[in-house]
Number of protein chains: 4
Amino acid sequence: MASNSFGNLFRITTWGESHGKAIGVVIDGCPAGISLNEADIQEELKFRAPGANPYTSPRKEEDHAEILSGVFEGKTTGTPISIILYNKDVDTSKYEPIKDVLRPGHANYTYLKKYGIFDYRGGGRASGRETACRVAAGALAKKILNLKGIKILAYLKQISSLQTQIPLETISQENVRKSPLFCPDPEIEAQMISLLTEIKEKGDSVGGVVAFYVTGVPVGLGDPIYEKIEANLAKGLLSIPASKGFEIGSGFEGALWRGSQHNDPFIPQENGIATSSNHSGGLLGGITTGMPLFGKVAFKPPSSIQLPQKTTTIAGVETTLELPQGSRHDPCLAIRAVPVVEAMIALVLVDSLLLSNGYP
Amino acid sequence: MASNSFGNLFRITTWGESHGKAIGVVIDGCPAGISLNEADIQEELKFRAPGANPYTSPRKEEDHAEILSGVFEGKTTGTPISIILYNKDVDTSKYEPIKDVLRPGHANYTYLKKYGIFDYRGGGRASGRETACRVAAGALAKKILNLKGIKILAYLKQISSLQTQIPLETISQENVRKSPLFCPDPEIEAQMISLLTEIKEKGDSVGGVVAFYVTGVPVGLGDPIYEKIEANLAKGLLSIPASKGFEIGSGFEGALWRGSQHNDPFIPQENGIATSSNHSGGLLGGITTGMPLFGKVAFKPPSSIQLPQKTTTIAGVETTLELPQGSRHDPCLAIRAVPVVEAMIALVLVDSLLLSNGYP
Amino acid sequence: MASNSFGNLFRITTWGESHGKAIGVVIDGCPAGISLNEADIQEELKFRAPGANPYTSPRKEEDHAEILSGVFEGKTTGTPISIILYNKDVDTSKYEPIKDVLRPGHANYTYLKKYGIFDYRGGGRASGRETACRVAAGALAKKILNLKGIKILAYLKQISSLQTQIPLETISQENVRKSPLFCPDPEIEAQMISLLTEIKEKGDSVGGVVAFYVTGVPVGLGDPIYEKIEANLAKGLLSIPASKGFEIGSGFEGALWRGSQHNDPFIPQENGIATSSNHSGGLLGGITTGMPLFGKVAFKPPSSIQLPQKTTTIAGVETTLELPQGSRHDPCLAIRAVPVVEAMIALVLVDSLLLSNGYP
Amino acid sequence: MASNSFGNLFRITTWGESHGKAIGVVIDGCPAGISLNEADIQEELKFRAPGANPYTSPRKEEDHAEILSGVFEGKTTGTPISIILYNKDVDTSKYEPIKDVLRPGHANYTYLKKYGIFDYRGGGRASGRETACRVAAGALAKKILNLKGIKILAYLKQISSLQTQIPLETISQENVRKSPLFCPDPEIEAQMISLLTEIKEKGDSVGGVVAFYVTGVPVGLGDPIYEKIEANLAKGLLSIPASKGFEIGSGFEGALWRGSQHNDPFIPQENGIATSSNHSGGLLGGITTGMPLFGKVAFKPPSSIQLPQKTTTIAGVETTLELPQGSRHDPCLAIRAVPVVEAMIALVLVDSLLLSNGYP
């Protein structure tokens with residue numbers, strides 16, 4: 001099945017393997033007249049790029065995005081925008097010795113069983129590198145959303161049990177992006193850095209949680225029943241590699257509450273109606289209330305670790321997997337997932353926005 | 001946007017308002033030759049029906065499903081199967097006095113802002129009654145999955161802080177379905193019943209969590225990148241009214257772990273390869289590993305409560321909402337959501353199964 | 001595959017067999033606030049209904065459409081509109097003796113090979129009766145288009161070699177609809193009636209051509225490349241049973257011309273730009289020019305004839321098919337196809353209109 | 001709207017403008033394990049390339065296709081196959097002086113009205129150059145179809161009134177492809193060459209008709225109602241630039257016939273059932289009968305001619321368009337459309353094949 005596209009009216013299609021010639025994305029359905037250049041995309045890509053800090057993988061990929069079509073004289077034309085990122089700094093030799101070993105937590109087993117063939121070099125198509133394409137497309141989606149005053153913010157909320165409780169309203173994109181961990185709480189960030197250092201030294205990895213917060217959302221976005229905004233957010237965010245959970249509004253904590261606590265009372269406002277609390281996370285019946293959207297995404301610890309692991313070969317023979325010395329892996333994927341979470345939210349919302357244009 | 005369909009090759013389209021003439025579902029893409037009669041559907045519907053026990057809404061709806069097309073001489077023919085459920089026991093008079101009041105936690109505000117018109121009677125299209133159509137379609141999806149040995153089990157895991165820790169492997173569908181709460185743990189069930197009685201007396205409501213467990217899943221189902229099984233499960237389950245969170249495998253707890261604990265080691269088996277643990281929840285790269293799928297869905301407390309609530313009218317005038325005496329509402333939606341969760345999982349998996357048929 | 005839906009934002013899903021309990025259509029994605037009642041639909045259905053005149057099948061089906069959902073207080077609500085048409089005047093006994101005979105020109109052979117099962121009664125799902133659902137949905141689509149000033153007109157242009165050359169601009173819907181053959185040219189109509197009488201007496205059937213003409217189309221509707229208006233018209237019209245050909249603008253005749261004749265010169269107009277001729281049929285690059293759309297659809301002669309026909313049984317044994325005396329069939333499908341052609345064009349255009357709303 | 005994709009399970013997405021950096025196609029949903037290299041694609045592309053003979057445009061584009069992803073060790077992997085064709089021999093200077101002139105028969109007017117912006121260089125996205133991407137993707141589709149014994153043949157049947165009546169069964173791909181006009185009838189070909197020479201000298205252009213013939217089609221392919229094979233063929237073929245008409249089987253001629261002539265009698269065969277004639281064109285109810293598919297596509301004369309043409313500027317001021325001396329244009333698009341017609345048919349059929357895999 002064609003499974004490499006996301007979105008309806010604003011649809012992206014990504015392609016490419018981690019260690020192939022290039023990866024890329026085609027953005028179809030972007031409105032005409034949006035100003036766009038490669039620097040706009042680069043600005044977002046640099047936050048996802050590995051090697052940006054000691055706590056992410058030291059690979060020195062330069063995710064350089066080149067626009068091949070769909071932009072004329074600095075503006076989008078309504079035709080497909082093709083963006084390519086060539087793969088550089090690619091060394092496949094490290095994957096050769098382990099190509100017949102099933103890597104715990106990785107997808108080589110399932111791809112092999114499904115397709116009978118797998119480009120094992122650097123994780124192939126299943127590599128997190130695919131998410132660079134999401135971020136590139138998300139950069140454009142964000143530009144459109146910004147024109148409507150919609151702002152998306154994601155940040156690292158939790159690594160292992162270290163968790164910031166900093167109120168959503170106080171967090172700025174600047175504070176998030178200047179943190180090497182995308183964590184806007186300096187105190188927790190310091191503890192996280194200690195933990196990451198320790199985990200890296202051990203050759204292990206750790207899970208984490210990314211939170212998001214979207215402001216400036218107009219009331220009436222989204223479609224009911226099967227295309228609820230939260231349903232599409234859930235799909236988009238659970239399509240990110242290593243994600244294991246999703247919450248909107250009160251999430252799992254909401255299960256603990258009484259209705260009399262959870263229901264958000266409507267209150268009159270100067271320019272309409274708001275709610276005095278926002279446990280729903282800005283959505284009722286799948287449609288936006290005009291209050292901010294917020295929620296969380298859980299990420300498992302990265303599967304690539306330096307510690308030896310029991311496993312089998314493709315043929316089912318027991319063996320021990322030891323990644324070669326000097327393999328470069330992230331100790332915590334949730335860090336680099338922050339811009340990817342933003343991108344997927346942007347893709348969901350821009351699609352809803354275009355779908356709602358006819359029904360103001 | 002057309003938002004009332006779910007699925008690709010096996011696609012359902014539901015229609016109908018809570019207090020209109022009828023609700024229904026069209027199932028398109030069902031393979032031919034599956035034996036099907038109305039009793040098959042009725043069997044599933046009765047578990048979702050309200051009034052089955054004192055802990056769900058006392059409405060005496062008889063969800064009687066009538067098959068109008070697509071079945072000939074007891075077998076599906078490959079053409080669309082139209083199922084209709086007439087609305088009976090409908091009393092719209094109770095909704096008349098509150099039709100201009102915004103009901104906290106309900107969708108009348110957002111529908112009104114989106115569409116400018118809302119069939120307020122019984123919650124209209126936004127009513128949980130729509131889920132009867134999902135269960136009817138799910139009954140057929142389950143029949144197809146059962147032919148392949150795939151079995152889906154959901155149960156009530158938690159109400160407020162009361163939570164069963166009963167191991168997944170020990171739970172049988174029989175034990176779940178004979179419990180009025182769909183909770184297979186008699187001890188916790190008894191505590192839940194006390195809590196629900198207390199909450200009902202107070203006119204309040206409470207949230208809960210439904211867990212699911214799918215066995216007999218072959219390896220290689222699902223599609224990578226944007227159509228991962230977990231992404232489609234997340235979308236399907238977050239499209240259920242009142243759902244606020246989703247987990248697959250280790251979920252949010254997985255964020256606490258180390259990679260060395262979380263990675264599931266591959267081990268040889270008589271007929272192939274398995275993993276000795278299953279923290280991934282049976283999925284790697286979005287494709288099934290052959291291990292059971294498991295996860296959870298969080299539900300907020302029902303928004304309809306007897307207690308008075310501050311709110312505004314549609315016009316933005318402050319008022320207090322008091323539902324009329326004798327209004328019939330569920331104290332905890334998670335109970336009746338159990339068969340709906342099973343249905344949505346069945347719809348996701350049968351679609352994956354049909355999509356994978358060409359790639360055994 | 002789910003193949004019973006048509007349209008993107010305005011999507012219909014039809015269901016039902018000719019001699020089952022009912023047939024119906026679910027319209028999803030209709031904008032809210034459109035006034036709609038059953039009489040609106042009935043008005044269109046009566047033109048497709050058989051038995052309206054001696055030149056169509058004498059079956060006395062009353063295509064009575066009942067709206068089951070999606071309309072509240074006389075207006076559409078944005079939720080799915082379910083319309084049901086019960087099957088009356090159904091006599092399946094005539095189909096019993098020929099149920100194992102392959103009927104030349106009919107679909108029972110291909111359905112059987114594809115699905116292994118076929119509801120043979122009255123042609124089952126493959127019956128032209130399904131088109132009543134298209135007409136019902138088309139009635140709503142036309143209402144929306146009319147609000148924008150878009151008017152769709154189809155008429156019978158040709159039966160066998162009898163062909164009207166009446167200029168498009170002179171044809172009115174009134175003149176078409178008052179003709180029992182939907183032919184606005186009384187002279188040709190009289191000749192057609194003679195031919196049909198002769199053909200009916202012989203127990204034979206004849207092919208025909210339906211022409212269409214759409215005025216009031218704004219410039220800029222439609223999407224380029226794979227979703228060109230003419231491509232979607234071609235798909236919609238070739239999905240009508242018995243259709244064998246489609247032309248837009250100059251059509252096959254255009255192949256005879258020189259570019260210097262065919263190119264439509266642009267000319268200034270009071271309110272913009274027009275073309276002085278319209279060989280393109282109102283479309284350039286798949287997008288409307290603002291000039292009228294026009295074209296043609298060819299229909300083969302109906303496959304059901306009274307004359308004996310050589311064929312085989314399902315088992316491959318040679319036999320002769322003789323339909324029972326008194327079987328009721330159309331001598332020329334193109335007549336009753338006229339309202340169906342209008343409906344399919346309306347469905348294509350309303351979808352384009354909704355898709356273009358965001359890009360005025 | 002995202003309109004640059006075609007197909008369901010085997011889905012292509014094309015991108016790129018005629019005079020931009022490159023054009024390309026992403027093929028998503030191709031089964032794994034198909035052997036594929038760049039030469040396979042080049043082999044098909046060379047037939048579409050301009051400059052292959054004096055009767056097509058003398059531009060010396062080398063349509064060199066480079067595979068960027070989805071192929072590993074010479075085989076497809078089930079992941080998206082990205083193919084890029086860099087634009088060479090691009091001279092945009094000729095378009096500069098006429099950039100504000102509406103070109104009769106071209107899409108710059110409609111694109112401008114729809115999008116407000118148009119990359120006018122070489123026709124931008126609306127250029128026939130986009131069809132190179134269709135041919136590249138079609139090359140892969142054909143490889144898959146060939147594995148099942150399905151062979152697609154298209155040829156030039158008609159230019160102006162010169163028309164070959166050579167029987168379909170006698171035509172071989174070799175004979176077609178060795179003709180510079182893709183016309184397998186040497187006598188008609190000679191007349192066509194004379195006509196083309198004359199038309200070129202006059203600076204004019206001419207229309208034509210491409211016929212197609214598909215053998216080896218199994219019975220039971222395709223889906224009924226809205227996804228009939230002929231409906232999808234019609235859409236695919238009417239999406240080719242300059243196409244104005246489509247016929248399947250008897251087409252418009254079928255309108256002239258009696259049912260007793262048109263109905264194809266079923267006859268027993270050694271390995272099943274066939275029909276003794278094939279007026280239906282190999283399709284009943286939208287599903288293949290196992291007989292060959294055949295039909296025709298009409299193409300208008302190319303809009304780019306050397307003769308002066310009356311038109312207006314974008315601002316609506318009357319002017320005369322004269323293309324600069326030495327502009328390079330095709331006198332008849334139907335010639336180069338031959339491989340594009342084959343490609344679109346291949347894309348429709350490979351999608352049907354994958355959709356039918358589960359229902360043999």
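How many bridges pair strand β10 of chain C with strand β16 of chain C, and in which sense do they run? The answer is seven bridges, in the antiparallel sense, between residues 208-215 and residues 293-299 of chain C. One rung of that ladder puts Ala211(C) with its bridge partner Lys296(C) in β16(C). Keep in mind that this is a predicted model.

**The sheet shared by chains C and D**

Zoom out from that pair and you land in an open sheet of 10 strands, ordered β9(C)-β8(C)-β10(C)-β16(C)-β11(C)-β11(D)-β16(D)-β10(D)-β8(D)-β9(D), with antiparallel pairing. The edges belong to β9 (162-163) of chain C and β9 (162-163) of chain D; each has a single partner strand, so one side of each is left without a neighbour in the sheet.

The crossing from one chain to the other is made by β11 (residues 243-248) of chain C and β11 (residues 243-248) of chain D, which run antiparallel and are joined by three bridges. Here Gly245(C) sits opposite Glu247(D) in β11(D).

Helices cover parts of this sheet too. In chain C, helix α8 (residues 333-356) lies across β8 (151-159), β10 and β16, running at about 150° to β8(C). In chain D, helix α5 (residues 186-202) packs on the sheet and touches β8 (151-159) and β9, its direction making about 55° with that of β8(D).

**Where chain D meets chain C**

The contact draws 104 residues from chain D and 106 residues from chain C. Together the two chains bury about 8300 Å², with 62% of it on carbon and sulfur atoms. There is plenty of polar pairing to look at as well: 45 residue pairs are in polar contact across this interface. Sorted by class, the side of chain D that touches chain C has 46 nonpolar, 38 polar and 20 charged residues.

Salt bridges across the interface of chain D and chain C number four, while the whole structure has 64 over all chains. Side chains of opposite charge can pair when their charged atoms come close. Here are two cases, one across the interface and one inside a chain.

| Salt bridge | N to O distance |
|---|---|
| Glu227(D) and Lys235(C) | 3.0 Å |
| Lys46(A) and Glu43(A) | 3.3 Å |

What separates Lys46(A) and Glu43(A) along helix α1 of chain A? The two are three residues apart in that helix (residues 38-48), which means about one helical turn lies between them.

**The sheet shared by chains A and B**

Chains A and B build an open sheet of 10 strands as well, in the order β9(A)-β8(A)-β10(A)-β16(A)-β11(A)-β11(B)-β16(B)-β10(B)-β8(B)-β9(B), with antiparallel pairing. Its edges are β9 (162-163) of chain A and β9 (162-163) of chain B, each with a single partner strand, so one side of each has no neighbour in the sheet.

On the chain B side, β11 (residues 243-248) and β16 (residues 293-299) run antiparallel and are joined by five bridges. Ser243(B) has Phe299(B) as its bridge partner in β16(B). As for helices, α5 (residues 186-202) of chain A packs on the sheet against β8 (151-159) and β9 of chain A, at about 55° to β8(A). Helix α8 (residues 333-356) of chain B lies across β8 (151-159), β10 (208-215) and β16 of chain B, and runs at about 150° to β8(B).

Methods:
Residues numbered from 1 in each chain as written. Chains lettered and ligands numbered in written order. Predicted model: local features only at pLDDT ≥ 70, side-chain atom pairs only at ≥ 80, totals over all residues. Heavy atoms only, no water. Pairing = 2+ DSSP bridges. Helix = DSSP H or I, 4+ residues; strand = E, 2+ residues; numbered from the N terminus. Contact = heavy atoms within 4.5 Å. Axes fitted to C-alpha atoms, helices over the stretch in contact; angles between N-to-C directions. Buried area = accessible area lost by both parts, 1.4 Å probe. Salt bridge = Lys/Arg side-chain N within 4 Å of Asp/Glu carboxyl O. Polar contact = N/O pair within 3.5 Å; in protein donor to acceptor, adjacent residues only side chain to side chain. Nonpolar A, V, L, I, M, F, W, Y, C, P; charged D, E, K, R; others polar.
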